[in-house]
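Subject: Structure for you to look at

Hello,

I am passing on a structure that you have not worked with before. Please open it first and then read the notes below it.

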Amino acid sequence: MRTNSDANWTEAEHTHPRSDAHALDPKLQLLRQVSLFEELPEESLSALAAGATLKPYAKGRLIVRKGDASRSLLIVASGLVEAVLESQGTELVRLCEFRKGDYFGEMSLIDGAPRSATAIARLALAPLFPRTYADIPNALPANAPIDSLF
């Protein structure tokens with residue numbers, strides 16, 4: 001029921017805006033938080049998100065191994081990833097940790113060299129967001145060189 005205080009009420013002012021599918025896309029939300037992509041226009045971010053997948057990894061699961069061939073970038077969507085190197089047989093030396101919004105594998109996009117470290121999921125679930133080199137140039141504006149991202 002309307003009261004007199006509602007006299008200036010209009011339907012347009014009180015309807016909720018239509019939900020935009022892009023605004024709800026978790027992959028797009030993640031890309032918006034990654035410093036590597038902060039200069040990209042929304043259309044490019046949407047194109048990158050459209051071709052990406054979220055892949056869960058259980059705690060302790062190997063994500064990439066040192067020496068693996070790869071041309072992909074991985075972005076941590078949640079959880080924790082640890083980069084390690086093997087030292088003196090089976091002992092692992094911790095290099096660094098990656099958390100939500102951090103990325104790794106960018107060097108393989110640039111030089112095509114094998115992975116320089118092993119990455120292991122350290123929390124129960126660490127979904128990652130892989131991108132292949134071939135996908136990234138297609139999502140960038142025509143005048144943006146791929147090396148402008150790095």
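The notes below cover the nonpolar cores, one strand, one arginine and one alanine.

This is a predicted model, in which local features need pLDDT of at least 70 and side-chain atom pairs count only at pLDDT 80 or more, while totals for chains, interfaces and linings use all residues. Residues are numbered from 1 along each chain as its sequence is written, and side-chain values use heavy atoms, with hydrogens and water left out.

Cores. A nonpolar core here is a set of buried Ala, Val, Leu, Ile, Met, Phe, Trp, Tyr and Cys residues joined through side-chain atoms within 4.5 Å. Buried means under 20% relative accessible area, exposed over 50%, and partly exposed in between (1.4 Å probe, protein chains only). The largest nonpolar core has 14 residues, and L31, F37, L45, L73 and I75 have the most contacts inside it. Two or more of its residues come from each of α3 (26-32), α4 and β2 (72-76). Helices (H or I, at least four residues) and strands (E, at least two) are DSSP runs, numbered from the N terminus. There is also a second, separate core of 11 residues, including L74, F98, F104 and A119.

Strand β6. This strand spans residues 118-121 and is covered on both faces: T118 and I120 are buried on one side, A119 and A121 on the other. Strands count as paired if DSSP finds at least two bridges between them. Strand β1 (residues 62-64) runs antiparallel to β6 and is joined to it by two bridges; L62 has I120 as its bridge partner. Strand β3 (residues 81-87) also pairs with β6 in the antiparallel sense, over four bridges, and there V84 is partnered by T118.

R115. This residue lies in the loop between α5 (106-111) and β6. Is R115 buried or exposed? R115 is buried and has no salt bridge (a side-chain nitrogen of Lys or Arg within 4 Å of a carboxyl oxygen of Asp or Glu). The nearest side chain of opposite charge is D68, 6.1 Å away. The R115 side chain does make polar contacts (pairs of N or O atoms within 3.5 Å, one able to donate a hydrogen and the other to accept it): one of 2.6 Å with the side chain of S70 and one of 2.9 Å with that of S72.

A47. This residue is in helix α4 (residues 42-50). A47 is partly exposed, at a relative accessible area of 35%.

Regards

Technical notes: Lys and Arg count as positive and Asp and Glu as negative; His and the chain ends are not counted.
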